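This report goes through a metal site, two sheets, a few helices and some unusual backbone positions. The sequence and the structure are shown first.

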Amino acid sequence: MRLHNTYTKAVEELAPIEPGRIRVYNCGPTVYDSPHVGNFRTFAFGDMLRRYLEYRGFQVAQIMNLTDVGHLTQDHVEAGVDKMEEGLRRLREQGVNVSNPYEVADYFIKEFHEARRALNFRDAHRFPRATDHVPDMIRLIQALLEKGAAYRVGGNVYYDVTKFPAYGRLSGNTLEQIKAGARIEINPEKRHPADFALWKTDPRHLMQFDSPWGRGFPGWHIECSAMSMKYLGEQLDIHTGGEDNIFPHHECEIAQSEAATGKAPFVKHWMHARHLLWDGKKMSKSEGTFFTIEDLLRKGYSGHAIRYALVSTHYRQQVNYTLKSFDDAKAAVARLDELNRRLQGVYGAGVSGSETLQSLCEAAEKKFVAFMDDDLNVSGALGVVHEFARDVNKALDDGSVSSASAGAALKTLVDLCDSVFGFLPPVAGSGPPPDILELGRSRQEARARRDWKESDRLRDEIRAKGWIVEDTKEGPKWKRG
Ligand SMILES: [Zn+2]
């Protein structure tokens with residue numbers, strides 16, 4: 001499997017640090033406002049990447065952070081604007097009863113999870129909140145001070161970029177360029193204009209924490225270094241984000257993490273999703289091109305259709321969306337949903353016959369994998385899906401499909417469109433797909449021979465795939481998890 005690496009600007013073979021396991025960190029949402037569709041394109045890319053890695057048999061550990069403190073641009077710092085304060089004001093204007101920044105964060109975290117679930121994301125293994133990890137950040141800042149990679153000026157601590165020769169390698173910046181491009185030095189505390197804050201003291205900020213440097217708050221970049229290394233170790237396989245995260249955020253993460261641990265690379269594959277345009281313009285509230293997932297759901301698009309639109313172009317390609325993109329996605333999902341229903345019908349009807357779709361299924365999966373292994377070539381992979389759907393529909397039209405071959409086709413359809421792409425709606429009232437039924441059968445056999453350990457293991461495996469099996473007097477009963 002080959003993936004593009006922003007650091008080397010090349011498509012490289014994925015070679016896990018630990019065989020069979022992939023450690024992924026996704027930069028998550030800032031939770032003082034609603035993310036727009038463009039942010040969700042980046043998150044959906046991260047979810048699809050995880051799903052595909054799991055489909056390819058990797059055990060994935062996925063962490064996505066929630067930025068509830070520290071996300072300030074230089075402009076915000078200078079203007080003394082606290083984004084949480086803005087969030088608080090905005091929510092109150094909308095009549096939401098919030099009294100402090102933690103409630104603002106709670107509100108937007110809840111909203112984020114609702115949108116994420118509507119888009120059928122798998123749960124990351126953890127969603128750490130920055131405010132729960134301030135002691136971890138303080139320890140990391142202390143390590144950087146001890147190593148001479150950071151310096152303190154009163155209640156502020158800055159990272160000293162001149163001590164890290166690789167600074168700028170991810171984004172293609174050099175310290176000279178940054179210095180030349182810097183505005184009149186507005187912060188006389190900094191030794192170099194590219195130095196960035198690890199810890200800030202500013203009494204105007206709403207959230208304040210105790211630290212060895214007095215009460216203050218952490219910089220934005222340090223949270224991702226602290227939380228990624230806490231949960232995934234000092235080196236990660238993959239780190240994702242939007243293209244706007246490359247500089248300065250990810251550049252700073254590399255500098256902090258590698259200087260603190262002495263290990264390089266901090267991340268083997270840096271992967272960044274391009275931003276999208278809406279009607280040829282950047283997403284902006286003033287231009288009327290700012291849409292949230294909730295806006296699209298309210299316009300009547302299903303989560304599956306929205307997801308289709310978000311994952312169906314290559315993550316490194318800039319896409320121009322209009323509402324028509326979502327109409328097209330809706331039609332594509334409806335076609336696949338229709339095929340799913342037809343196959344479920346034949347599969348459940350017990351039709352015998354010699355016709356087999358096995359070779360068609362195998363060929364489709366093989367071609368699909370070849371495209372996806374090539375830096376997630378979704379356009380090619382979707383071409384395979386739609387060609388497969390046409391061929392299976394044709395066989396169904398001919399009336400020559402047996403239940404067994406319908407089961408094989410169902411498994412392929414579900415593997416590609418649900419397990420990997422996540423945009424196939426579940427058929428209401430239908431039982432689990434064939435691969436889950438197969439697991440259920442093995443579990444019944446394990447129970448019959450009183451192998452409770454194996455039976456429990458299979459129940460957990462079934463649950464991990466989204467189904468719950470209950471044992472009743474009439475036999476196993478299935479429910480969606
Ligand atoms: Zn981050």
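Two strands are taken to pair if DSSP finds at least two bridges between them. In this predicted model, S3 and strand S9 (residues 236–242) meet that condition, pairing in the parallel sense over three bridges. Within this pair, Tyr-25 stands opposite His-239 in S9.

**The parallel sheet**

S3 and S9 belong to an open sheet of four strands, ordered S4-S3-S9-S10, in which the pairing is parallel. At its edges are strand S4 (59–64) and strand S10 (267–273), each of which pairs on one side only. With direction ignored, neighbouring strands of this sheet are turned by 20° against each other on average. Helix H7 packs on the sheet and touches S3, S4 and S9. The direction of H7 makes about 155° with that of S3.

**The zinc site**

Which residues coordinate the zinc ion? The donors are Cys-27 through SG, Cys-224 through SG and His-249 through NE2, at 2.1 Å. Along the sequence these donor residues follow the spacing C-x196-C-x24-H. The two cysteines link distant parts of the chain, 197 residues apart. Cys-27 sits in the loop between strand S3 (21–26) and helix H1 (37–55), while Cys-224 belongs to helix H7 (residues 220–232). Both Cys-27 and Cys-224 are buried.

**Helix H1**

The loop that holds Cys-27 leads from S3 to H1. H1 has 19 residues and spans 26 Å from its first C-alpha to its last, close to the 27 Å expected at 1.5 Å a residue. Is H1 largely enclosed or largely open to the outside? Of its 19 residues, 16 are buried, so H1 is largely enclosed by the rest of the structure. Here buried means under 20% relative accessible area. Just after H1, Gly-57 takes a positive phi of about 95°.

**The antiparallel sheet**

Another open sheet of four strands has the order S5-S6-S7-S8, and its pairing is antiparallel. Strand S5 (150–153) and strand S8 (217–218) stand at the edges with a single partner strand each, so one side of each has no neighbour in the sheet. Strand S7 (residues 196–200) and S8 run antiparallel and are joined by two bridges. Trp-199 has Pro-218 in S8 as its bridge partner. Helix H5 (residues 134–146) lies across S5, strand S6 (156–159), S7 and S8. H5 runs at about 125° to S7.

**Backbone positions**

Most residues other than glycine have a negative phi, and most peptide bonds are trans. The table lists positions that depart from this pattern.

| Position | Backbone value | Place |
|---|---|---|
| Phe-247 to Pro-248 | cis, omega near 0° | Pro-248 in helix H8 (residues 246–261) |
| Ala-264 to Pro-265 | cis, omega about 0° | Pro-265 in the loop between H8 and S10 |
| Asp-279 | phi near 55° | loop between strand S11 (276–278) and helix H9 (293–298) |
| Arg-450 | phi near 60° | loop between helix H15 (434–448) and helix H16 (452–464) |

Pro-248, which follows a cis peptide bond, lies in H8. The zinc donor His-249 comes next in the numbering after Pro-248. The other cis bond, between Ala-264 and Pro-265, brings the chain to a proline in the loop between H8 and S10. S10 is an edge strand of the parallel sheet.

Asp-279 and Arg-450 are residues other than glycine with a positive phi. Is Arg-450 buried or exposed? Arg-450 has a relative accessible area of 61% and is exposed, since the cut-off for that class is over 50%.

**Domains and a further helix**

The domain assignment divides the chain into domain 1 (2–273), domain 2 (321–420) and domain 3 (434–480). How far apart are the C-alpha centres of domain 1 and domain 3? They lie 41 Å apart.

Ala-363 is found in helix H12 (residues 358–373). With a relative accessible area of 37%, Ala-363 is partly exposed. Ala-363 and Val-384 are 21 residues apart in sequence, and their C-alpha atoms are 9.5 Å apart in space.

Key: Residues numbered from 1 in each chain as written. Predicted model: local features only at pLDDT ≥ 70, side-chain atom pairs only at ≥ 80, totals over all residues. Heavy atoms only, no water. Donors = N, O, S within 2.8 Å, 3.2 Å for Na, K, Ca; no water. Buried < 20%, exposed > 50% of the residue type's maximum accessible area, 1.4 Å probe, protein only. Expected span 1.5 Å × (residues − 1). Axes fitted to C-alpha atoms, helices over the stretch in contact; angles between N-to-C directions. Contact = heavy atoms within 4.5 Å. Domains from an automatic or database assignment.
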